[in-house]
Amino acid sequence: MSTSLVQSEQAAPAAAAATSAIERNAAALWRSLSLFNVYRLAVAVVLLLAIALWGENIMFGSRDRVLFLFADVGYILFSIATFVTIGTRRQLNLQLMTQVIADIAFIVLLIAASGGISSGLGLLLLTTLAGAGLISRGQLSLFFAALASIAVLLEHTYQVLTYDAPVEQYVQAGLLSASYFAIAWLAHALAKHTLASEELA
């Protein structure tokens, strides 16, 4: 009886420490998601300022200025609304998936409004995929990379069929897609290393 009592007393601090570690880890993930959203909002605001300040002198919105403005303002509003959902601290993976899918959709719209893959806006998804891969601890990184790649390739196909964009730019779109998977794999590897370090600690 006394032996079991001693074991219970020894197990209690260990269980409390484990619970505390889990709570700290969860808080860190939510903080990362919040910072990720700050980056999202900053990108959208900078793009809007670029249009306001330089207008016709930049490629942003060169194909369809109205679509670009609507997409960018929608991106800003989405980013602001996301702070509210993050504040609930519920269903991290679902929130992350929703946000990344929205990132892909908005950025692809901005690419389409700016004349296609040559606008360079596709590079914005590299940071999105890296951040999402680290926050999800690598679990969804390749899935997000696949979605981004399909979206970029479909957008360029639309440009080719509708605006006679150069077919040769499929090479550029393919290289961009490959870089998405490379970033996703790197984020996955870093996440696994982080998890291993946490388990060791």
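## The nonpolar core

Start in the middle of this predicted model. Its largest nonpolar core holds 43 residues, and the ones touching the most other members are L33, L47, F68, L96, L121 and Y180. Six elements each give two or more residues to this core: helix 1 (2–54), helix 2 (65–88), helix 3, helix 4 (124–135), helix 5 (141–163) and helix 6 (169–200). Helix 3 is the top giver, with eleven residues. As a bit of background, nonpolar side chains tend to be buried together in soluble globular proteins.

L121 is a good one to click on. Skip its neighbours within four places in sequence, and L121 is in contact with L47, F60, F68, I107, L110, I111 and S114. Two of those partners, L47 and F68, are also on the list of core residues that touch the most other members.

## The whole chain

Now zoom out. The chain has six helices and zero strands, so reading from the N terminus you get α-α-α-α-α-α. Of its 201 residues, 38% are buried.

Take the contacts between residues at least 6 apart in sequence: 75% of them join residues at least 24 apart. As for the outside, the accessible surface comes to about 11,100 Å², and carbon and sulfur atoms account for 71% of that.

## Helix 3 and its partner

Helix 3 covers residues 92–113, which is 22 residues. From first C-alpha to last, helix 3 reaches 31 Å, close to the 32 Å expected at 1.5 Å a residue. After helix 3 comes G115, which has a positive phi, near 100 degrees.

How do helix 2 and helix 3 cross? Two packed helices are described by the angle between their axes and the distance between the axes. Here the axes come within 9 Å and cross at roughly 170 degrees. Angles over 145 degrees count as roughly antiparallel, and that makes helix 2 roughly antiparallel to helix 3. On the helix 2 side, the contact includes L67, F68, A71, Y75 and F78. Helix 3 brings residues including Q95, A102, F106, I107 and L110.

## A look at Q169

Is Q169 buried or exposed? This residue is found in helix 6. Buried means under 20% relative accessible area, so Q169, at 18%, counts as buried. Leaving out residues up to four places away in sequence, Q169 touches I117, S118 and H156.

Methods. Residues are numbered from 1 along each chain as its sequence is written. This is a predicted model: local features need pLDDT of at least 70, side-chain atom pairs count only at pLDDT 80 or more; totals for chains, interfaces and linings use all residues. Side-chain values use heavy atoms; hydrogens and water are left out. Helices (H or I, at least four residues) and strands (E, at least two) are DSSP runs, numbered from the N terminus. Buried means under 20% relative accessible area, exposed over 50%, partly exposed in between (1.4 Å probe, protein chains only). Contact means heavy atoms within 4.5 Å. Accessible areas come from the Shrake-Rupley method with a 1.4 Å probe; for residues, only the protein chains shown count as cover. The expected span of a helix is 1.5 Å times one less than its number of residues. A nonpolar core is a set of buried Ala, Val, Leu, Ile, Met, Phe, Trp, Tyr and Cys residues joined through side-chain atoms within 4.5 Å. Axes are lines fitted to C-alpha atoms, for helices over the stretch in contact, and angles run from 0 to 180 degrees between N-to-C directions. Angles under 35 degrees count as roughly parallel, over 145 as roughly antiparallel, 65 to 115 as roughly perpendicular and the rest as oblique.
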